[in-house]
Amino acid sequence: MQISIEHRPAYALAICRLDTDEQMKAESGAMLSMSSNVGIQSSSGGVMKGLKRALLGGESFFQNTFTAEHAPGEVTFAPTLPGDIVHLPLNGEVVVQGTSYLASSPGIDVNTRFKGFKGLFSGEGVFMLKVAGKGDLLLSAFGAIHEVEVDGEYVVDTGHIVAFESSLDFKIARVGGWAATFFSGEGLVCRYQGKGKLWLQTRHPHEFGSLIGPKLPPRE
């Protein structure tokens, strides 16, 4: 399999070139285009529906599987929001913000039952996935992706988290006291400790939605 990412960082597109019988799994709706010989095995729902089932109903996580049948093929993936894509050749484990998961090869397991952030915090609808195995992992972001090498302590606004290595310990906390949290507009933060990589998105989906939402015409 060969993976290339084009048009980054604003409107990134992942191109996956598959050998015969190779597969790629992806979030429902992530496929942009594919060769005519690429087959798709569909299941109802995507990441967020799968998360709701997993967290509330104990069901499994649903994905679409793309297979190059009888010959090599190509499939391209793109996220819903404008932004970047990062390709991680994974051999281990990372924790991923649910809406940042885009696609992965079959050797990678996506566990929606991970409760590291108790599923939901800060009213921002941020679910965390534990992603483990060996293979190719594609993550998306709103805005550009900024990689940080943490060695010690580091603090991040929860809305900017894309993923982090499981070697990092973390806890959710306020910026300061209640007054500082309320007046700073920063909300909750994640305090990391240890050594490992952290991937951040340069734009905050919740804040962006709050900005443009009132300006949009009402749905009819």
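Here is a short chat about one sheet and the salt bridges in this predicted model.

Guide: Residues count from 1 along each chain as its sequence is written, and side-chain values use heavy atoms, with hydrogens and water left out. Since we're looking at a predicted model, local features need pLDDT of at least 70 and side-chain atom pairs count only at pLDDT 80 or more, while totals for chains, interfaces and linings use all residues.

Visitor: What is the strand order in the open sheet of 4 strands?

Guide: Strands here are DSSP runs of E, at least two residues, numbered from the N terminus, and two of them pair if DSSP finds at least two bridges between them. The pairing is antiparallel, and the order reads β1-β2-β7-β4. The edge strands, each pairing on one side only, are β1 (2–6) and β4 (31–34).

Visitor: Which residue in β7 stands opposite Ile-15?

Guide: Strand β2 (residues 13–18) runs antiparallel to strand β7 (residues 73–77), with 5 bridges between them. Opposite Ile-15 you'll find Thr-76.

Visitor: How far apart, N to O, are Asp-84 and Arg-8 in their salt bridge?

Guide: A salt bridge here puts a side-chain nitrogen of Lys or Arg within 4 Å of a carboxyl oxygen of Asp or Glu. This one joins two loops, 76 residues apart in the chain. The N to O distance is 3.0 Å.

Visitor: Is Asp-84 buried or exposed?

Guide: Buried means under 20% relative accessible area, exposed over 50%, and partly exposed in between (1.4 Å probe, protein chains only). Its partner Arg-8 is partly exposed at 44%. Asp-84, at 4%, is buried.
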